[in-house]
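I opened a fresh notebook page for a structure I had not looked at before. Come along and read over my shoulder.

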Amino acid sequence: MIRRSARGVRESMRFGLAFYELDGPIFAVKSHEKSLILYYAEKDAAAGNEGRWKGLDTEHRCVEFKDLNCLPLDVVEGIVRNSLKVRRTRPASEMPSQAELLEIWGIREEDAAVAPPIVRIVVAHDEEEGAAAAEGGESAANAK
């Protein structure tokens, strides 16, 4: 829904959080087993909807959806569209940093860090097996 409604937004995963960026972080999504939290960066994105949307926390700029079977996509789309409208009119010098947003959202820096790369180490079982495999490869190449 976010990708469809917010063209040009870049998506990345960081330790279980999906981040969406447009000139800096604009959204983050944290999913749990049966619920989902949508964090938004733009303070005014949910203005006027305080009593309308269940789970809306304007102080922490997030909406918690407690039942994924009844996810109100109109709420998500409204926040996404309002956030983009505000973000595109905001001067670049006034963009909130990731550190500021994480503090507002109540997310620890470690939880938003990029996961370290996976390093694979290949260990030869036995030097003789390696030599035998190399000889077998040579004789097969010579046979062709």
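Below are my entries, in the order I made them.

**Entry 1: confidence**

I noted to begin with that this is a predicted model. I looked up the pLDDT and found an average of 79 for the protein, with 83% of the residues scoring at least 70. Where is confidence lowest, and where is it highest? The lowest mean, 51, belongs to helix α4 (residues 127-143), and the highest, 91, to strand β4 (residues 36-40). I also marked residues 139-144, where pLDDT stays under 50. For that stretch I found zero contacts beyond four places in sequence.

**Entry 2: the strands**

I turned to strand β3 (residues 25-31) and checked how covered it is. Five of its seven residues are buried, so I wrote "mostly covered" beside strand β3. I then looked at the partners of β3 on either side. Strand β2 (residues 17-21) runs antiparallel to β3, and five bridges join the two. In this pairing, F19 stands opposite A28. Three residues separate β2 and β3, which form a hairpin. I looked into that turn and found D23 with a positive phi of about 55°.

Strand β4 also runs antiparallel to β3, again with five bridges. How many residues lie between β3 and β4 in their hairpin? I counted four. Here the bridge partner of F27 is Y40 in β4.

**Entry 3: S83**

Next I picked out S83, which lies in helix α2 (residues 73-89). Is S83 buried or exposed? Its relative accessibility is 0%, so S83 counts as buried. I listed its contacts, leaving aside neighbours within four places in sequence, and got I26, F27, Y40, E42 and A45. Two of these names were already on my page: F27 and Y40 are the bridge partners from the β3 and β4 pairing.

**Entry 4: aromatic pairs**

How many aromatic pairs does the structure hold? I found two. One joins F19 and W105, with ring centres 6.4 Å apart and planes at 45°, so I put this pair down as tilted. F19 lies in strand β2 and W105 in helix α3 (residues 98-105), so the pair ties together parts that are 86 residues apart in sequence. I checked how covered these two are: F19 is buried, with a relative accessible area of 0%, and W105 is buried too, at 3%.

The other pair is Y39 with W105, tilted as well, at 5.4 Å centre to centre and 35° between the planes. What does this pair tie together? Y39 sits in strand β4 and W105 in helix α3, so the parts it links are 66 residues apart in sequence. Both Y39 and W105 are buried. I drew the ring pairs as a cluster of F19, Y39 and W105.

**Entry 5: the largest pocket**

Last, I went looking for empty space. The largest pocket holds about 200 Å³. Which residues line this pocket? I wrote down M1, I2, R3, E11, A18, Y20, V29, L36, L38, L71, L73 and V76. I then asked which elements give two or more residues to the lining, and found α1 (2-5), β2, β4 and α2. Strands β2 and β4 were familiar by then, since each is joined to β3 by five bridges.

Technical notes: Residues are numbered from 1 along each chain as its sequence is written. This is a predicted model: local features need pLDDT of at least 70, side-chain atom pairs count only at pLDDT 80 or more; totals for chains, interfaces and linings use all residues. Side-chain values use heavy atoms; hydrogens and water are left out. pLDDT is the predictor's confidence in each residue, from 0 to 100. Contact means heavy atoms within 4.5 Å. Buried means under 20% relative accessible area, exposed over 50%, partly exposed in between (1.4 Å probe, protein chains only). Two strands pair if DSSP finds at least two bridges between them. Rings of Phe, Tyr and Trp (its six-membered ring) pair if their centres lie within 6.5 Å; planes under 30 degrees apart count as stacked, over 60 as edge-to-face and the rest as tilted. On a 1 Å grid over the protein atoms alone, a cavity is a set of points where a 1.4 Å probe fits but cannot get out, and a pocket is an open set with protein on both sides within 12 Å along at least five of seven lines; lining residues have an atom within 4 Å of a point. Grid points are joined across faces, edges and corners, and a volume is the space filled by probe spheres set on the points.
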